Amino acid sequence: MILKETLRHIIKIQQNDLPHLNYGIPRTIAPDIDLTLPFATIISGIRRCGKSTLVRQVMRTTNGKYYFNFEDPKANHFELDDFQKLDELFEQEFGPHNCYFFDEIQNVEQWELFVRTQLDRGKHFLITGSNASLLSKELGTRLTGRHLSVELFPFSYDEFLSFTKSVSGPETFNIYLKKGGFPEYLQFGRNEILQELLTDIIMRDIVVRHKLRSPKAIKELALYLISNIGVEFSYNKLAKTFNLGSTNSAISFVSYLEDSYLLFSVPKFSHSLKKQSVNPKKIYAIDNGLADVNSVSFSSNKGRMLENMVFLELRRHGKDIFYFKGDKECDFVVKASNKIVHAIQVCYNLAEENKNREIGGLVEAMETFDLSEGLILTFDQLDTLKIGEKSLKVIPVWRWLNGGSL
């Protein structure tokens, strides 16, 4: 519980700070946010990817006033009953408005009760949160049918070019491939920014929230997975390697890392959901720069860096992604309308010594799913290959990101 005058003080400080904060570059997803709709728009994503900046951008274009950041340490004891005080103070300070802007709302238990009540009164909300599991649980209980979800990632390649005032090409893409898209890291270039971010996510979003007794175990697991991007893993092996006690503990730990948007697992494609759930999965990271700074081996394998970049672009566009493994392997197959519609192979450089392996895995996937066209994404090669009746397009990833995405 927070005293009303204390709450008034916090509101004034946050409002006074707003004009002095960075408003950044326009984000690609901004046009998708429509606050005239009778829904709560929920922006979720990893910490420090720009959610708060996006909220400020929308506030500026809509003349929004009802803003509150629940990450503020002074608001640490904010409870459900305090929303009534907050609402009264908003109207006293700014007059009547019909749109609320709430940052990191997952810090308040049962926040969705207030939001639902106000939605029923014709109000609108733009809300951010950093934990997918908590948000989905709350949205699924009391906001079903009354919310729109938007995921925000670190900068895409196009956004990186805008932020750095660069032009598209292999030189700038090589920088993006290594540094990734976290705005503050791109601005200041200090590795500590992404090292501290990892620690902050593990401690605040995982250890504290889930009351874990061993911060060391979850951090070691995170660092191991970040260092093994695109490599198969099994929960059973993780449990044994990190002495987690049981396979269920490994499943929980990986889910915590995914809920925080730090990592993503990709299943092996199978028509059987049961087989899909028990087959080994592959892991990918939210950002190449974060993986590079926190891993001793990630940047030494440019093929893995490129593969992670392709995964992120597919995930950014909401694709349903799997990997394929038969006699050979294909990095990504994309599902839509209950069938596989795209097959993608990623390699840094297509050469005589790896040509048969890379083409073979892609063609096997294409034959399995009856696809006439496949895609080989490389660092900077452009070609078209014919294998019987099948066409394989070889495209540089930077060109693909600049408008060739699926």
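This passage walks through the sheet, some helices and the cysteines of a predicted model. Because the model is predicted, local features are reported at pLDDT of at least 70 and side-chain atom pairs only at pLDDT 80 or more, while totals for chains, interfaces and linings use all residues. Residues are numbered from 1 along each chain as its sequence is written, and side-chain values use heavy atoms, with hydrogens and water left out.

A good place to start is the sheet. Five strands, arranged as β2-β3-β4-β1-β5, build an open sheet with parallel pairing. Helices (H or I, at least four residues) and strands (E, at least two) are DSSP runs, numbered from the N terminus, and two strands pair if DSSP finds at least two bridges between them. The edges are taken by β2 (66–69) and β5 (147–151), each with a single partner strand, so one side of each has no neighbour in the sheet. On average, neighbouring strands are turned by 15° against each other, direction ignored. At one of these edges, β5 pairs with β1 (residues 40–44) in the parallel sense through five bridges, and I42 sits opposite S149 in β5.

Helix α2 (residues 51–62) lies across β1, β2, β3 (99–103) and β4 (124–129), and runs at about 160° to β3. Such angles run from 0 to 180 degrees between N-to-C directions, with axes fitted as lines to C-alpha atoms, for helices over the stretch in contact; contact means heavy atoms within 4.5 Å.

Further along the chain, helix α10 (residues 215–226) packs on helix α12 (residues 247–259) at an angle of about 70°, their axes being 11 Å apart. The two helices, α10 and α12, are therefore roughly perpendicular (65 to 115 degrees; under 35 would be roughly parallel, over 145 roughly antiparallel and the rest oblique). On the α10 side, A217, I218, L221, A222 and L225 meet F253, V254 and L257 of α12. By class, this contact has eight nonpolar, no polar and no charged residues (Ala, Val, Leu, Ile, Met, Phe, Trp, Tyr, Cys and Pro count as nonpolar, Asp, Glu, Lys and Arg as charged, and the others, Gly among them, as polar).

Helix α6 (residues 157–164) has Y157, E159, F160 and L161 buried (under 20% relative accessible area, with exposed over 50% and partly exposed in between; 1.4 Å probe, protein chains only). After α6 comes K165, with a positive phi near 55°.

Finally, the cysteines: the structure holds zero disulfides (pairs of cysteine sulfur atoms within 2.5 Å). The sulfur of C347 is 11 Å from the closest cysteine sulfur, in C330, and is therefore too far away for a bond. C330 is buried, at a relative accessible area of 0%, and C347 is buried at 5%.
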